[in-house]
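Hi everyone, thanks for making time for this. I'd like to walk you through a few spots in one model, so let me put it on the screen.

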Amino acid sequence: MDRISATILTGFLGSGKTTLLNTLLEASPGERIFVIVNEYGEVGIDGKLIVETQDDVVELNNGCICCTVRGDLIAAMQGLLASGRAVDRIIIETSGLADPAPVIQSFMLDEVLRQRIQLDAIVTVVDARHVADQLALDEAREQICFADVLLLNKIDLADEASLAATQDMLHRLNPLARIIRTHTCDVPRAAVLDLRAFDLRNVLAIDPDILADHAHEHDESIGCVALRERVPLDPAAFNIWLNRLVQAAGKDLFRIKGVLNFADEPRRYVFHGVHMTLEGRPGRVWRAGETRLSEIVFIGRNLDAEMLRHGLDACRQEPAVERAARAALAG
């Protein structure tokens with residue numbers, strides 16, 4: 001029986017993994033792809049941003065697949081194999097805080113997965129602008145060290161001298177990986193799929209104990225705050241609040257992302273940020289009968305959940321009657 005090819009997409013928070021996943025899905029029409037998306041927080045944003053696809057998409061939220069929801073990862077793949085569904089490949093997008101070692105371990109130690117799934121490659125997306133600061137965290141370094149392919153992404157945000165220095169640093173950390181420079185993860189499908197690049201011998205050279213079952217723990221100062229709001233938001237108030245927030249606390253905000261319900265706007269608004277860099281755009285139109293809901297996830301160090309909740313509350317759109325009364329008083 002032919003084994004199913006599996007690719008792991010990893011990379012630190014905000015590097016561009018979901019963009020890469022969408023690029024691969026759009027470049028693979030007709031393929032039956034089983035997608036697993038893992039997010040650190042309890043609110044899943046990335047699953048809402050995956051391109052419209054007929055493929056199976058499983059979301060594993062509220063923990064990393066390297067630790068708290070690792071059993072869910074194994075169960076999802078075992079369930080796929082037991083179902084008898086025809087699948088051409090598996091793509092796993094890890095959370096930005098995931099250590100690749102326990103994920104690799106899952107394929108090696110579980111007998112069913114080892115016999116039925118072939119780990120093809122570990123592809124790590126690297127944020128060219130922020131990677132130097134991110135390397136202070138073990139997870140970012142491990143994601144680079146275990147990679148078979150390194151995508152040096154967001155090259156438009158760095159000059160040539162900085163890119164050359166970053167590429168040299170990546171080569172020192174992982175001399176075996178192929179390094180590809182990218183803008184918005186725009187790479188040919190063949191550059192990251194069907195590579196047969198994963199070699200357990202290389203992994204054992206990095207971590208000789210990888211086949212020993214051990215738990216992974218995250219830095220306790222790093223946490224996640226997830227907010228939901230059903231009342232439509234005032235776009236002007238929201239933009240002012242968010243920009244003030246990143247100016248004040250951007251160094252400790254590793255990742256911000258959300259899907260927003262702006263008042264009097266027929267489309268969802270999608271935004272994301274890394275530290276002090278923010279980017280947003282209108283998304284698809286809200287569907288008939290769809291619950292219009294703003295969902296935002298903050299991942300960072302020493303987050304103040306109450307402060308963030310109060311800040312979002314202040315961005316709610318006033319009811320029309322109250323707006324009219326206030327305008328009349330002002331007039």
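Let's start at the N-terminal end of helix α4, where Asp 99 acts as the cap. A side-chain oxygen of Asp 99 sits 3.0 Å from the backbone nitrogen of Ala 101. Please keep in mind that this is a predicted model.

Now, how many of the 10 residues of α4 are buried? The count is 9, so this helix, residues 100-109, is largely enclosed by the rest of the structure. The buried set runs through Pro 100, Ala 101, Pro 102, Val 103, Ile 104, Gln 105, Ser 106, Phe 107 and Met 108. Notice that Ala 101, whose backbone nitrogen faces the capping oxygen, is among those buried residues.

Next, please look at Asp 127, which you'll find in strand β5, residues 117-127. Is Asp 127 buried or exposed? With a relative accessible area of 1%, it is buried, because the cut-off for that class is under 20%. Asp 127 has company in there: leaving aside residues up to four places away in sequence, it touches Gly 14, Ser 15, Gln 134, Asn 153, Lys 154 and Val 274.

One of those neighbours deserves a closer look. The side chains of Asp 127 and Lys 154 form a salt bridge, 3.1 Å from N to O. This pair ties together distant parts of the chain, 27 residues apart: Asp 127 belongs to strand β5, while Lys 154 lies in the loop between β6 (149-153) and α8 (160-173). Both partners are buried.

That bridge belongs to a longer list, as the structure holds 18 salt bridges. Let me show you a few others. Arg 201 pairs with Asp 199, the closest N and O atoms being 2.9 Å apart. Here the setting is open on the arginine side: Arg 201 counts as exposed, because its relative accessibility is 64%. Then there is the bridge between the side chains of Arg 284 and Glu 290, at 2.9 Å from N to O. Arg 284 is partly exposed at a relative accessible area of 25%, and Glu 290 is partly exposed too, at 26%. And if you like networks, salt bridges also link Glu 31, Arg 89, Arg 189 and Asp 194.

Let me move on to the C-terminal part of the annotation. An unreviewed UniProt entry lists residues 222-316 as "domain: CobW C-terminal". Over that stretch, the chain is 25% helix and 43% strand. Its end C-alpha atoms are 28 Å apart.

I'll finish with some backbone geometry. Which residue in the loop between β10 (267-274) and β11 (277-285) should we check? It's His 275, where phi is near 55°, a positive value in a residue other than glycine. His 275 counts as buried, at 13% relative accessibility.

Asn 302 tells a related story. It also isn't a glycine, and its phi is positive, about 55°. You can find Asn 302 in the loop between β12 (294-301) and α11 (305-313). In terms of accessibility, Asn 302 is exposed, with a relative accessible area of 59%. So, side by side, we have a positive phi at a buried His 275 and another at an exposed Asn 302.

That's my tour, and I'm happy to go back to any of these spots on the screen.

How values were computed. Residues are numbered from 1 along each chain as its sequence is written. This is a predicted model: local features need pLDDT of at least 70, side-chain atom pairs count only at pLDDT 80 or more; totals for chains, interfaces and linings use all residues. Side-chain values use heavy atoms; hydrogens and water are left out. Helices (H or I, at least four residues) and strands (E, at least two) are DSSP runs, numbered from the N terminus. Buried means under 20% relative accessible area, exposed over 50%, partly exposed in between (1.4 Å probe, protein chains only). Contact means heavy atoms within 4.5 Å. A salt bridge is a side-chain nitrogen of Lys or Arg within 4 Å of a carboxyl oxygen of Asp or Glu. UniProt positions are given in the numbering used here, feature names are shortened, and annotations may be inferred rather than shown by experiment. A polar contact is a pair of N or O atoms within 3.5 Å; within protein, one must be able to donate a hydrogen and the other to accept it, and residues adjacent in sequence count only if both atoms are side-chain atoms.
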